[in-house]
Amino acid sequence: MTGLKGALIGCGFFAINQMHAWNDVDGAEIVAICDRDPERLKLVGDQFGIERRYSDAEAMFADGGFDFFDIATTVQSHRALVEMAARNKIPAICQKPFAKTLADAKAMVEACRAAGVALMVHENFRWQTPIQAVRKALDAGAIGTPFWGRFSFRSGYDVFSGQPYLAEGERFIIEDLGIHTLDIARYLLGDVSSLTARTKRVNPEIKGEDVATILLDHENGATSVVDVSYATKLPKEPFPETLIELDGSEGTIRLSQGYGLEITNGRGTTVMDVSPKLLSWASRPWHNIQESVYAIEQHWVDQLRRGAEHSTSGADNLKTFALVEAAYDSAARGQTIDVRAML
Ligand code: NAD
Ligand code: 89V
């Protein structure tokens, strides 16, 4: 079967990972790229040998010749670009955060639904090898029915050196990183009915919050805590690991720093190494995220070919995005937010 041809827009910091991963994906290749910054366009075009280069997305669509659109720009342009894909009847992948507001995100999902094209949000953290291992253990019933969880990402890593824009927004850690942690909580413990959040800014050099603690009530009755921080200096830097604790009716799961997975139940305790692979183009400590980029891109191609829904479809991601908005709202008002009422 011939491979799918893709066009990527946004040749910035993270797109390098996306381009490397597309080279590894079975059944797809990138044939055109677009960036309004000529230096980034040249750098990525030359590095990955892409001849078709554009500074304007409309011009790229006018020339056509691609089967899907991979949006790797920052959030400001996401709605316009997803709607452009829908108008042109081209399936699209959109980086997180999906949109600036939940209302925009809903409009983007509706535009693609009405056009009959697939829309997937590049919410890659659930595709990380250690997270998949936890999901597999839960699905196998290793701890019975989970009733409590903690999803924790605490770090002192200088994330601003690679992504300087993160220091400039009114919103920071929940919108950029907590969005992944909230998605993992949903992926492992199910959808959320209400939440309560508290935030703080510790680093005086940035505008937004760099610490957040969020209490989630899941629809199935489980309770969990999502806690994220970029103001936590530890003896051994854990970036970019998500640490997990799950208690269930028949046992416990612990995913600890260094990618150790410990499962305890009536049969005793098993310990596994669930480290991600170091792909040929990857580098530590980012290899965990880089491998998940490859995994989500392969999933995009496989589901598109089957005509099946994507794990992080636009519709699915509305339920994660609502948690981000609810967390900011809860922290601002000091109240518990009814998430179901937002959807
Ligand atoms: P960046 O600023 O380095 O790159 C964005 C690029 O898009 C820039 O080169 C810019 O010139 C270009 N661009 C923006 N709007 C454009 C438009 N309308 N037309 C053409 N070009 C345009 O940003 P980044 O750090 O690469 O982040 C991009 C997105 O990826 C963000 O939404 C970010 O949150 C997300 N991200 C995701 C992960 C992950 O693990 N999923 C990791 C890092 C970043
Ligand atoms: O996923 C992200 O958007 C990145 C990082 C993992 C560094 O927070 O900003």
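**Ligand shells and nonpolar core**

Helix α7 contributes three residues to the shell around ligand 2, the most that any element gives. The structure discussed here is a predicted model. The surroundings of ligand 2 consist of Val159, Gln163, Asp176, Leu177, His180, Pro240 and Ile289. Sorted by class, this shell holds four nonpolar residues, two polar residues and one charged residue.

Ligand 1 has 26 residues around it, and of these Gly10, Gly12, Phe13, Phe14 and Thr73 come nearest. Its shell comprises 11 nonpolar, nine polar and six charged residues. At least three residues of the shell around ligand 1 come from domain 1 (4-117), and at least three come from domain 2 (126-283 + 319-342).

From the ligands, the description turns to the protein interior. The largest nonpolar core contains 95 residues, and those that touch the most other members are Val82, Ala92, Leu119, Val134, Leu195, Leu323 and Ala327. Helix α7, spanning residues 173-189, supplies the largest share of this core, namely 10 residues. Domain 1 (4-117) and domain 2 (126-283 + 319-342) each provide at least three residues to this core. Helix α7 thus appears in two settings: it gives three residues to the shell around ligand 2, and 10 residues to the largest nonpolar core.

Leu195 offers a local view of the core. Apart from neighbours within four places in sequence, Leu195 is in contact with Ile214, Leu215, Leu216 and Asp217, as well as with Leu323, Ala326, Ala327, Ser330, Ile337 and Val339. Among these partners, Leu323 and Ala327 are themselves listed with Leu195 as core residues that touch the most other members.

Note on methods: Residues numbered from 1 in each chain as written. Chains lettered and ligands numbered in written order. Predicted model: local features only at pLDDT ≥ 70, side-chain atom pairs only at ≥ 80, totals over all residues. Core = buried A, V, L, I, M, F, W, Y, C linked by C-beta atoms within 7 Å. Buried ≥ 20, exposed ≤ 12 C-beta atoms within 10 Å, placed from the backbone. Helix = DSSP H or I, 4+ residues; strand = E, 2+ residues; numbered from the N terminus. Domains from an automatic or database assignment. Contact = placed C-beta atoms within 7 Å. Near = placed C-beta within 6 Å. Nonpolar A, V, L, I, M, F, W, Y, C, P; charged D, E, K, R; others polar.
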